[in-house]
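Visitor: I am new to this structure and would like to be shown around. Could we go through it together?
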Amino acid sequence: MSKTLIQPREIPEQEELNYLNNGTSLKSWLLTGDHKRIAVLYLIGISFFFFIGSIAAGLIRLQLMRPTGVLLENDTYNKVFTAHGIVMIFFFLVPSIPAVFGNFFIPLMIGARDLAFPRLNLLSWYVYMLGGVMFLAAMLGGGVDTGWTFYVPLSSMYSNTNVSLAILAAFMAGMSSILTGVNFIATIHKMRAPGMTWGRLPLFVWAHYATSIIMVLGTPVVAITLVLVLFERTFKIGIFSPELGGDPVLFQHMFWFYSHPAVYIMVLPGMGVQSELIANFCRKKVFGYHFIAISSLAIAALGFLVWGHHMYVSSQSMYQSTVFSLLSFLVAIPSAIKIFNWSATIYKGDVRLQTPMYYALAFMGLFTIGGLTGLYLASIATDVHLTATYFVVAHFHYVMVGGALTAYLGAIHYWWPKMFGRLYSDSLGKVSALLVFVGFNLTFMPQFIVGWLGMPRRYSVYYLAPEFQAYHIMSTLGSTVLGIGLFMPLCYLTYSLFKGPRASANPWGAHGLEWLTSSPPVTENFKQIPIVTDEVYDFDYERDHREHAEEADSEEVE
Amino acid sequence: MASTAVDTHAHHHPGLHHQFEDIEQQNEAYLVGMWSFMVNEIMFFGGVFLVYCLYRWRYQDDFYAIHHELNWKMGAFNTTVLLFSSFSMVMAVHFATLKDRMKTLMNLALTCACAFTFLIVKYFEYGAKFEHKLFPGPNFRPELEHLNGANPNVAQLFMSLYFGITGLHALHIIIGILIIGILMGFWYKKNPLVTEDFLPTEMVGLYWHFVDLVWIFLFPLFYLIPR
C-alpha cells in the first residue's frame with residue numbers, strides 16, 4: 001500500500017465532488033445508477049420498514065403484559081404479529097445487510113467502479129419499495145392474519161383478510177432479492193480489480209457470494225409457491241388444500257425449502273460483517289481465513305438440506321425426520337468453525353474497544369446462544385415438545401436480532417464515516433450498544449424459560465397460566481430498553497450527518513480497498529483502479545511497509 | 001496494495017458501460033448474470049415440476065385418463081414450431097456474430113412469427129378447454145365424456161397444473177416476443193449496441209432457448225402420459 005494512500009493527506013485539498021453532492025436534484029437520486037446512492041436509498045427504505053416492524057413488536061409486547069391481554073382483540077393481535085413477521089423478514093432482514101452494505105461496499109472492496117448491472121440494481125430498489133407499499137396497503141386496508149408463513153389452507157381458503165395483496169408484496173420483495181443476488185454473483189465473478197484473487201477477497205464479499213447463491217437458488221421456489229397459493233385463493237384450484245384434492249404438507253416442504261435457507265440469507269451477511277469487524281478491531285489477519293470463507297459456502301449448501309426440521313410434527317415420515325435432524329446438526333459445524341476462528345482472532349489481538357467492536361462481541365455471544373438453542377430444535381424429541389412455543393421465538397430472535405440485527409448495527413457504526421464522511425460520538429455509540437445488548441437479553445432470555453414451560457407462540461392471552469406473567473413483564477421491560485437502544489443511533493447518527501466532525505479516509509486504521517478512497521467516496525469509487533499486491537487483512541505487511549516508508553522518508557530528509 | 005494506474009477505458013467501445021474496463025469484461029459479466037438468471041428460472045419452474053411429479057405419482061391412472069382431453073396433435077405441432085424457432089434463433093445469433101444485419105433481422109422475424117404461431121395454437125387449445133368446462137375453479141363442470149373416467153377432483157387438479165404451468169410458459173413466450181421485438185428494433189435502427197457486439201443477441205437467444213426447453217419438458221409430461 002503506498003504511503004500517500006494510507007495516511008490522510010496533510011495538505012487539505014479543496015472540496016471535491018463526492019457521490020453525495022455530485023448532483024443534488026431529487027431526479028439525480030431517483031434515477032441514479034450509482035451503487036452507493038442506491039445503497040442510501042435502500043438504507044432509508046429499510047429503516048422505515050424497520051420502524052413499522054418495531055411498532056408491531058411493541059404492540060405485541062404490550063399485549064402480553066397481562067394474562068388477559070391489554071389492548072388488542074384476538075383478530076387484531078393476529079394481524080399485528082403477521083405484520084411484524086412479514087415486515088421484519090421480507091422488508092428488513094432479507095435485504096438489510098446485502099442491499100445496504102453489500103451494495104455499497106462490494107464494489108469498493110473488490111476495487112470496481114460499480115456493480116455489474118447498475119440499472120438492475122436500481123430496479124431492485126423500486127421493486128422492493130413497490131412490494132413494501134403493497135404490504136402497507138394490505139396492512140392499512142384491514143391487515144393479514146395468516147402469520148408470515150402463509151400456511152395453507154388458512155391462507156388459501158379460510159382467511160378473509162388481504163392475503164392476496166400480502167402474497168404479491170412478498171413476491172415483489174423476493175424478486176428484488178433475486179435481482180440483487182444475480183448482480184452480486186456477476187460482480188464478484190467478473191469485476192474484481194487486478195490482483196484481487198479469490199484468496200484475497202474480504203470475508204464480507206465471500207459471505208455475500210454465498211448469500212447470493214442462496215438468493216438465486218431459493219427465492220424462485222418460494223416465489224412459485226406463493227404464486228400457487230395465489231392461484232388457489234383466486235381460482236380455487238387444488239394444489240395445496242385438502243378440500244380441493246391438494247396436499248398442505250407439500251406447501252410446507254416448498255415453503256421451507258426457501259425459508260430455511262432464507263435464515264442464512266439473513267445471517268450470512270452478518271457473519272461477513274463480523275469477520276470485517278473482528279479483523280479490523282483486533283488488527284490481525286482473521287484466523288483461518290480460508291475456513292471461514294469455505295464455511296460460508298458450506299452453510300449455503302447445507303442450508304438447503306435441512307428444511308424438514310420445521311416439519312417434525314407434520315405428517316412427514318419418521319425416517320425423513322431422522323435424516324433432516326442429522327443434517328441439521330451438521331450445519332452447526334460451519335457455524336462453529338466461524339465462531340472459533342473469530343475467537344482465535346481476538347486472542348492476542350490488538351483489540352480496540354470502539355462501538356463497532358462492541359457490536360461484534362455482542363454478535364459472538366448472542367449468535368452462539370441462538371445457534372446452540374437451535375440444536376434443541378434440531379433434535380426430534382425435544383423439538384416435538386418445543387414446537388410452536390416461545391422457545392422457538394426466543395431461538396430465532398437470538399439468531400436474527402442477536403445475530404443479523406446486531407451485525408447490521410455494527411456495520412452501520414463501522415462504515416458510517418465512510419458512507420457519509422462524518423464521525424459520530426463513540427461514547428454514545430457504546431452506550432447504545434450496551435443498551436441493545438442488555439435490552440435484547442432481557443427481552444428474549446425469559447422467553448426461553450416461558451417457552452420451555454409451555455407458553456405457545458401466537459397466543460394473544462394466557463389466562464390459563466397466569467404464572468407466566470412475570471416472564472412476560474420482564475420481556476416487555478427488556479423490549480423497552482432495546483427500543484431505546486435502537487432509537488439512540490437514529491438520533492446521534494442523524495445528528496452526525498450535519499454536525500459531526502469530518503472523517504478522514506480511514507478513521508479506524510482499517511485494512512481494505514474501501515478505506516483507500518476518500519470518505520465519502522467519489523462517484524467513480526477510485527481515481528485509478530488499484531492493483532492489489534498484498535494479502536487480505538495483512539496488518540503486518542501494512543505496518544512493515546509504513547515503517548519502511550517512514551525510514552525512507554527520514555533518510556530523504558537527512 | 002500498490003496502486004499503479006491501470007489504463008482505464010483503453011479502447012472505447014460504443015456499447016461499453018462506465019463500470020467495465022473493456023468490452024470483454026462486460027460481455028463476460030453479462031453472460032454470468034444471464035446464466036444466474038436462468039438458474040433462477042430453472043428453480044422457479046422446478047417448483048411446479050415438483051408439484052406435477054408428486055401428483056402424477058399419486059394419481060397416475062386418473063392423470064392418464066384425463067390427459068386424453070389434451071390435443072396431442074396440436075401439442076406436437078407447437079413443439080415443432082418452437083424447435084424450429086430455436087433453430088432460427090441460433091441462425092440469428094450466428095449472423096449477428098458475422099454482423100450480417102439483414103439475415104439477423106430475417107431470422108429474428110422468423111423466430112417471432114413462430115412464437116406468434118405457438119400462441120395462436122395455444123389460444124385454440126385453451127378455448128376448447130373452456131368450451132368443455134374444463135377450466136378449474138367454480139365453473140369446472142365437464143360432461144362425463146370429457147372426464148374419460150377420471151376422478152373429477154383429480155381431473156381438476158390436472159387441469160389446474162396444465163393451465164398453471166402452460167400459462168406461466170405462455171407468459172414467458174409473450175415476454176420473449178417483446179424482447180425479440182425490441183432487439184429487432186435495435187437492429188433495424190442500426191444501433192451500435194447490437195451491431196457492434198453480438199452479445200445482446202446472444203443473451204436474447206439464451207432466454208429463448210430456455211423457454212423452448214421448458215416446453216420440451218412440458219409436452220411429454222402433459223400430452224404423452226403412458227398408461
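Guide: The following conversation covers confidence, the contact between chains, and some backbone details. Please bear in mind that this is a predicted model.

Visitor: What is the average pLDDT of chain A?
Guide: Chain A averages a pLDDT of 91, and 94% of the residues score at least 70.

Visitor: Where in chain A is the pLDDT below 50?
Guide: That applies to residues 1-12 of chain A. Beyond near neighbours in sequence, this stretch has 14 contacts in the model. Where pLDDT is low, the predicted coordinates should not be read in detail.

Visitor: Let us turn to the two chains. How many residues does each of chain A and chain B bring to the contact?
Guide: Chain A contributes 41 residues and chain B contributes 34 residues.

Visitor: Which helices of chain A each supply at least two residues of the side that touches chain B?
Guide: They are helix H7 (163-190), helix H8 (203-235) and helix H9 (248-282) of chain A. The largest share of that side comes from H8(A), with nine residues.

Visitor: And how does the side of chain A that touches chain B divide by class?
Guide: There are 29 nonpolar residues on that side of chain A, together with seven polar and five charged ones.

Visitor: Now the backbone. Is the peptide bond from A:Val152 to A:Pro153 cis or trans?
Guide: The bond from A:Val152 to A:Pro153 is cis, and its omega is near 0 degrees. A:Pro153 lies in the loop between helix H5 (118-140) and helix H6 (154-158) of chain A.

Visitor: What about the bond from A:Ser519 to A:Pro520?
Guide: The peptide bond from A:Ser519 to A:Pro520 is cis, with omega near -15 degrees. A:Pro520 belongs to the loop between helix H16 (469-499) and helix H17 (539-557) of chain A.

Visitor: Where is A:Asn525 found?
Guide: A:Asn525 is in the loop between H16 and H17 of chain A. Phi of A:Asn525 is near 70 degrees, a positive value in a residue other than glycine.

Visitor: Why does A:Asn525 count as buried or exposed?
Guide: A:Asn525 counts as buried because it has 24 C-beta neighbours inside 10 Å, and the cut-off for buried is 20 or more.

Visitor: What is the phi of A:Tyr537?
Guide: A:Tyr537 has a positive phi of about 50 degrees, although it is not a glycine. A:Tyr537 is found in the loop between H16 and H17 of chain A.

Visitor: Is A:Tyr537 buried or exposed?
Guide: A:Tyr537 has 26 C-beta neighbours inside 10 Å, so it counts as buried.

Note on methods. Residues numbered from 1 in each chain as written. Chains lettered and ligands numbered in written order. Predicted model: local features only at pLDDT ≥ 70, side-chain atom pairs only at ≥ 80, totals over all residues. Contact = placed C-beta atoms within 7 Å. Helix = DSSP H or I, 4+ residues; strand = E, 2+ residues; numbered from the N terminus. Nonpolar A, V, L, I, M, F, W, Y, C, P; charged D, E, K, R; others polar. Buried ≥ 20, exposed ≤ 12 C-beta atoms within 10 Å, placed from the backbone. pLDDT = per-residue confidence, 0-100.
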